[in-house]
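Biologist: Before we discuss the spaces inside this protein and its metal site, could you put the model in front of us?

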Amino acid sequence: MIKKFWVVLLALCSFSVWADNSIESVRVWPSPDKTRVVFDLSETPEYSYFMLNQQKPYRLVIDFNNTKLNTGLTNLGKDSLLVRKVRTSSPKNNRSSRIVIELNSKTEPNLFVLPANESYKDRLVVDLPGKSVERSGPAKSIDELKDRKVTIAIDAGHGGDDPGSIGPRGTYEKNVVIKIARALAKMINDDPGMQAFLVRTGDYYLGLNERPQKAWDAKADFFVSIHADAFRTPQPRGGSVWVLSKRRADSEVGRWLENREQESELLGGVTDILSKNSHEPYLAETLLDMSMDSSIAGAYSAARHIIDEMSSVTKMHKTKPQAASLAVLKSPDKPSLLVETGFISNPDEERLLTSNAHQQKMARALYNGIRRYFVSNPIDNTYLANQNSFTYTVKSGDSLSVLAQRYNTTVKAIKTENNLRSNVLKIGQKITIPSR
Ligand SMILES: [Zn+2]
């Protein structure tokens, strides 16, 4: 036993005595616009790099000085359209490591170092701009369409290096919220009056300013960011809906949320953290803008519809819309909301949030609330604006299918409009008939 131990130790020493730093792991995060490669190191990296663009495969070559490689590189990049593989090559001296990233197309890499924090070691981040996964078709050209669909931008919070909150059983917020986001997108795309735009389509990080920007580029009419809450104690539970405030939040949970959002930026490692303050003058101006005020008013109205719907599928932590100063909601002229679907730090809600049935119910509540908002706050020339729904009192002999046929609509539409769970109608019951 002891002998074996020495052999292993000697073998390790022969490689390791000379290098102070080491690469402990390598992660690859493909996203629609770029692939991010993250090197985790035991110390602050010293590195240099160059591109080889003369012939295929194009290569980014990175030399880590005074560094050994402590991890394997197999299968890295297999999910990226841009990265072909990550491999080693002969180092420039025996105290360094050379890593080669083979690329399918030319790119201009952006390399930067992130310091160690609570969750991660020192990192070298390599951003490689270029299409890296298939895009989920952005909103079509909708301006010229009559009775157009409204476009709902759905932002699943966190992603990539930023797991979001972590539940007591180890559930990552980023994984729960993308499932709810995808379920919501499906329901929206099944609605003749709506279409969904998923802001984050996979497991990668997007900056807090990038998220509303993508929604804006997709000509979205509405922005909803989906999260799961956490608190430092396990007791708090329930959902809440947040709108932008011009001031810092006055509740403790609100300030917690504002801080968490900033931590996300640090974990995700965006390069524009420094520009955060230079962003403020623009923001101060925009906040005075009338359009901002009206989009906040719209957000309040939508938040009330969503809270109403959510209360039938989950306990609410707050039954009124909450206000906080959150970067992700700072979109100048469209209603923007952040929905906390529950507390992942509460063991019961952590279990609920990982259940597919509950995720579907939550998505349905969000869908119903958003739809109600667009029917009661119509945008000109949209399909939902022409829904001229009316109230009908159920009479003897009526059924959902009879009414659907009579008023040229569908059973599904009546049930959705009225949030009905069964097909049974009672005489004297008042229901809303959508126009189609
Ligand atoms: Zn979150």
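Modeller: One definition should come before the rest: Ala, Val, Leu, Ile, Met, Phe, Trp, Tyr, Cys and Pro count as nonpolar, Asp, Glu, Lys and Arg as charged, and the others, Gly among them, as polar. With that in hand, the lining of the second largest cavity divides into six nonpolar, three polar and one charged residues. Please keep in mind that this is a predicted model.

Biologist: What makes a space in this model a cavity, and how many cavities of 30 Å³ or more are there?

Modeller: A space is called a cavity where a 1.4 Å probe fits but cannot get out, and by this rule the count is three cavities of 30 Å³ or more. The largest cavity holds about 200 Å³ of space. Among its 23 lining residues, those closest to its centre are His158, His227, Leu257, Glu261 and Ser264.

Biologist: Which elements give two or more residues to the lining of the largest cavity?

Modeller: They are strand 12 (222-229), helix 4 (252-268) and strand 15 (336-343), and helix 4 provides the largest share, five residues. By class, the lining of the largest cavity has nine nonpolar, six polar and eight charged residues.

Biologist: What is the volume of the second largest cavity, and which residues are closest to its centre?

Modeller: The volume of the second largest cavity is about 50 Å³, and of the 10 residues lining it, Leu244, Ser295, Ile296, Leu329 and Ser336 are the closest to its centre. Strand 13 (240-244) and helix 6 (290-310) are the elements that give two or more residues to this lining, with the largest share, four residues, coming from helix 6.

Biologist: How do you know which residues are the protein donors of the zinc ion?

Modeller: The cut-off for a donor N, O or S atom is 2.8 Å from the metal, and His158 (NE2), Glu173 (OE) and His227 (ND1) lie 2.0 to 2.1 Å from the zinc ion, so they count as its protein donors. Along the chain these donors follow the spacing H-x14-E-x53-H. Because His158 lies in the loop between strand 10 (150-156) and helix 2 (173-189), while Glu173 lies in helix 2, the pair ties together parts that are 15 residues apart in sequence.

Biologist: Why are His158 and Glu173 called buried?

Modeller: Buried means under 20% relative accessible area. His158 has 7% relative accessibility and therefore counts as buried, and Glu173, at 2%, therefore counts as buried too.

Methods. Residues numbered from 1 in each chain as written. Predicted model: local features only at pLDDT ≥ 70, side-chain atom pairs only at ≥ 80, totals over all residues. Heavy atoms only, no water. 1 Å grid on protein atoms, 1.4 Å probe; cavity = no way out; pocket = protein on both sides within 12 Å on 5 of 7 lines; lining within 4 Å. Points joined across faces, edges and corners; volume = space filled by probe spheres on them. Donors = N, O, S within 2.8 Å, 3.2 Å for Na, K, Ca; no water. Buried < 20%, exposed > 50% of the residue type's maximum accessible area, 1.4 Å probe, protein only.
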